[in-house]
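Good morning, and thank you for making time for this item. I would ask you to keep the sequence and the structure in view while I speak.

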Amino acid sequence: MDSAQNAILENREKLLLSGVTAIDSFDDRAVLLYTQLGELTVLGRNLHISALSIDSGEVSVTGEIQALRYGDKDKQAPLSFFRRLFR
């Protein structure tokens with residue numbers, strides 16, 4: 001699997017991401033997703049997922065983007081219910 005991931009932030013209002021493997025959760029203040037390079041949390045206000053392409057792994061997030069925070073580098077997908085239960 002190609003481990004490329006790009007993030008383009010335009011005027012702190014639009015974030016274009018590639019290499020996304022899954023979206024775990026989102027609300028108007030945080031988007032938790034997984035990329036080919038690990039966990040990524042987008043923090044801000046009035047956040048919306050304005051475009052999503054599962055085939056290409058591209059996501060567009062709009063709103064007032066305040067931070068991008070990378071987490072576990074090896075985690076590329078959310079834990080299943082049973083893995084969460086027994087971890």
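**Strand pairing, core and selected residues**

I begin with β3 and β4, which form a hairpin with 3 residues between them. Please bear in mind throughout that this is a predicted model. Strand β3 covers residues 20-26 and strand β4 covers residues 30-35; the two pair in the antiparallel sense, over 5 bridges. Two pairs of residues help to fix the register. Ile 23 stands opposite Leu 33 in β4, and Phe 26 has Val 31 of β4 as its bridge partner.

The chain then continues into another hairpin, in which 2 residues join β4 to β5. Strand β5 spans residues 38-53 and runs antiparallel to β4, with 6 bridges joining them. Within this pairing, Thr 35 has Gly 38 of β5 as its bridge partner.

Let me now step back to the protein as a whole. There are 1 helix and 6 strands, and along the sequence they follow the pattern β-β-β-β-β-β-α. The helix therefore comes after the strands when one reads along the sequence, as the definition of elements numbered from the N terminus and this pattern indicate.

How are the strands ordered in the sheet? The sheet is open, has 6 strands and follows the order β1-β2-β6-β5-β4-β3, with antiparallel pairing. Which strands stand at the edges? They are β1, residues 7-10, and β3; each has a single partner strand, so one side of each is left without a neighbour in the sheet. From one strand to the next, the twist averages 45°.

At the β1 edge, strand β2 comprises residues 14-17 and runs antiparallel to β1, with 4 bridges between them. Here Glu 10 stands opposite Lys 14 in β2.

In the loop between β1 and β2 we find Asn 11. This residue has a positive phi of about 55° although it is not a glycine. As general background, most residues other than glycine have a negative phi. Is Asn 11 buried or exposed? Its relative accessibility is 68%, so Asn 11 counts as exposed.

Asn 46 also deserves mention: it is not a glycine, yet its phi is positive, at about 55°. Asn 46 is located in strand β5. Its relative accessible area is 52%, and Asn 46 is exposed; the cut-off that applies here is over 50%.

I turn next to the interior. Which residues make up the largest nonpolar core? It has 11 residues: Leu 15, Leu 17, Val 20, Val 31, Leu 33, Leu 40, Val 42, Leu 47, Val 59, Val 61 and Ile 65. The elements giving two or more residues to this core are β2, β4, β5 and β6, the last of these being residues 58-70.

Val 42 is a useful member of the core to inspect. Leaving out residues up to four places away in sequence, Val 42 touches Leu 15, Arg 29, Ala 30, Val 31, Leu 47, Val 61, Ile 65, Ala 67 and Leu 68.

A further position in strand β5 is Ala 51. With a relative accessible area of 38%, Ala 51 is partly exposed, because that value falls between the limits of 20% and 50%. Apart from its neighbours within four places in sequence, Ala 51 is in contact with Glu 58, Val 59 and Ser 60. Ala 51 and Leu 16 are 35 residues apart in sequence, and their C-alpha atoms are 9.1 Å apart in space.

I close with the totals. Among contacts with a separation of 6 or more, 44% are between residues 24 or more positions apart. The protein has 87 residues, of which 31% count as buried. It exposes about 5900 Å², and carbon and sulfur atoms supply 50% of that area.

How values were computed
Residues are numbered from 1 along each chain as its sequence is written. This is a predicted model: local features need pLDDT of at least 70, side-chain atom pairs count only at pLDDT 80 or more; totals for chains, interfaces and linings use all residues. Side-chain values use heavy atoms; hydrogens and water are left out. Two strands pair if DSSP finds at least two bridges between them. Axes are lines fitted to C-alpha atoms, for helices over the stretch in contact, and angles run from 0 to 180 degrees between N-to-C directions. A nonpolar core is a set of buried Ala, Val, Leu, Ile, Met, Phe, Trp, Tyr and Cys residues joined through side-chain atoms within 4.5 Å. Buried means under 20% relative accessible area, exposed over 50%, partly exposed in between (1.4 Å probe, protein chains only). Contact means heavy atoms within 4.5 Å. Accessible areas come from the Shrake-Rupley method with a 1.4 Å probe; for residues, only the protein chains shown count as cover.
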